[in-house]
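Below is a short briefing for a reader new to this structure. It goes through the strands, their pairing and the helices beside them.

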Amino acid sequence: MKQGTAHITANICNKFGNDRTRLMDIAIAVQERFGCVSHEAMEEIARAVGTQRVEVESLVTFYSFLSVKPQGKVVIRLCSDIVDWMKGYSEVAEAMARELGITMGETTPDGAITLTDTPCIGMSDQAPAALVNSVVVTHLTPERGRQLVRDLRRHLDPQQLVTMVGNGNNEHPLVRSMVRNNIRMRGPVHFAPFEPGKALLKAFELAPSDVISEIKESKLRGRGGAGFPTALKWELAANTPGEKRYVICNADEGEPGTFKDRVLLTECAEQLLEGMTIAGYAVGSDTGIIYLRAEYRYLMPYLQSKIEGRLKQGFLGRGILGKKGFNFDIRIQLGAGAYICGEETALISSCEGLRGDPKNRPPFPPQEGYLKRPTIVNNVETLCCVSRILLEGAKWFASIGSANTTGTKVLSISGDCRKPGVYEVPFGITTRELIELSEAENVGSLLIGGPCRQMIGQVRLDGQICYDDLATGGAIIIFNGARNKLEIAEHYLDFFIDESCGHCTPCRVGLTLLKNLVHKVISGTGEPADLDRMRDLSNFIINMSRCGLGQAAPNPVLGALEIFGDASGGFVAERKPGLLPEFDLSKAVIDAELRVGRQSKYV
């Protein structure tokens, strides 16, 4: 390692206090400076923070936005999720690769531009989309893709690609992004006017335990998908002995088809930060962490300015608003591209400067979380709800929604519809009503909650969005009736196989076996027994996997099979004894038929 390079790496480590737990920040900074985290850099980092090089390499090789090998000065990450695929990803990818003269995953010979694909970047309402370094480019077409490459070859400055900006705070000088909010329906919880500081003053009128009681009375449940009662999580953290507690905001919405937290971060940052501060007061914490997914890095300067503004206003820091003894600060922890980090224990591992590996439970995070201290993890939407509950009261919040799922839900709707975007609706709304709002026609199926949840067909269109019926973290993807449900399931299996941490065999091996079965049926070589094998293997993976990824990954397959019902038999057929189902006799003898000039009597 050159002396100058070693010196720069050492300075980066020093900037983060040579703190082993800030290894994520160090690796991201080194990657940004040199285009990779080389083995030599790993040695220097390990020496500076007092760990082993293998630990640094383990982290670097885990996250998709980090690389051991040099990448281009500009990295184009073209989103390859299902909605982008439906909207023309393949044509855009081919056009850009041809213009660059490379294939996907390669870097141009001059080392200037790398082209790669990446899972959902939270832009399904404006697909196809790409990240160019941290600059978002939306509504791509093959021609726009080619022009983007030509422009980059000329100036290598991704920011110059932004020739027009989106609406709302996307116009802010610290954001200046072409992203559009696409807020189609505004509700009373998240998109009503919000005055910073008022919810905090309401909270300070109560004892910390009474704040938790207020949240309990509101019946607020976590908006991440599982729907765990928020107050119970807070109560457990507050009552667990410990000198220090933490509040973590999960802003890593990596579920394909989800983008509502992106809009909340852009338009409701004050409400989020206030909710985190109220949570800190309630559980006795003085430190908050926002875990911001790498795909939303373009929002980081804006969010940091909001934090600094609240410090100046006395809404953060020491003795907040004159409340003696209550101190609370917030920092942003940037992720580096790992779907599994949406799971709270994996997210905590990442915050600690480790691979995003899920942890065994118990103990649960409110008992032993970040740095083995009591920790509450809530997502952006949940913490925004907290501020509104303190402002308007628990009874007001509980009066909205269904009996057991109170309040509103912010939904990300995309796919085969005329009005993709964000909808804040009361819990209890039916999927049929959502189809009408988004102006979708000839609907064949909907994916409720992203691939981790469930695919439903026509028979469940009157199902309600709530935790007692159709639970969702926010993603609603609509599929036209002409689309093959098993093809959709296969696409998601590719995603889960790529995102699996590989720790346990049922997930690591089982998902690949399941994908092979699905592909066999799609390609026309499936047998009736394959459908039963798919169901049995799916249930085995669900029951035997270590974490939520493996436990949910087969859901699209099971949903597709359920929707098909008896019609799934049309995709399979009994084969002649003695022949492999994959073997096509007519193709095998075609050359011989041409040579002899007659058709085989065996075909």
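**Two sheets and their neighbours**

Ile76 stands opposite Val132 in strand 3. That pair of residues belongs to the antiparallel pairing of strand 1 (residues 74-79) with strand 3 (residues 130-132), which covers three bridges. The model is predicted.

**The mixed sheet**

- Strand 1 and strand 3 are part of an open sheet of four strands, ordered 2-1-3-4, with mixed pairing.
- Its edges are strand 2 (113-118) and strand 4 (135-137), each of which pairs on one side only.
- From one strand to the next, the twist in this sheet averages 25°.

**Helices on the mixed sheet**

- Helix 6 (residues 89-100) packs on this sheet and touches strand 1 and strand 2.
- The direction of helix 6 makes about 160° with that of strand 1.
- Helix 7 (residues 142-155) lies across strand 1, strand 2, strand 3 and strand 4.
- Relative to strand 1, helix 7 runs at about 170°.

**The parallel sheet**

- Another four strands form an open sheet in the order 8-7-6-9, and the pairing here is parallel.
- Strand 8 (329-334) and strand 9 (375-379) are the edge strands, and each pairs on one side only.
- The twist of this parallel sheet averages 20° from one strand to the next.
- Strand 7 (residues 287-292) runs parallel to strand 8, and six bridges join the two.
- In strand 8, Gln333 is the residue that stands opposite Tyr291.

Conventions
Residues are numbered from 1 along each chain as its sequence is written. This is a predicted model: local features need pLDDT of at least 70, side-chain atom pairs count only at pLDDT 80 or more; totals for chains, interfaces and linings use all residues. Side-chain values use heavy atoms; hydrogens and water are left out. Two strands pair if DSSP finds at least two bridges between them. Axes are lines fitted to C-alpha atoms, for helices over the stretch in contact, and angles run from 0 to 180 degrees between N-to-C directions. Contact means heavy atoms within 4.5 Å.
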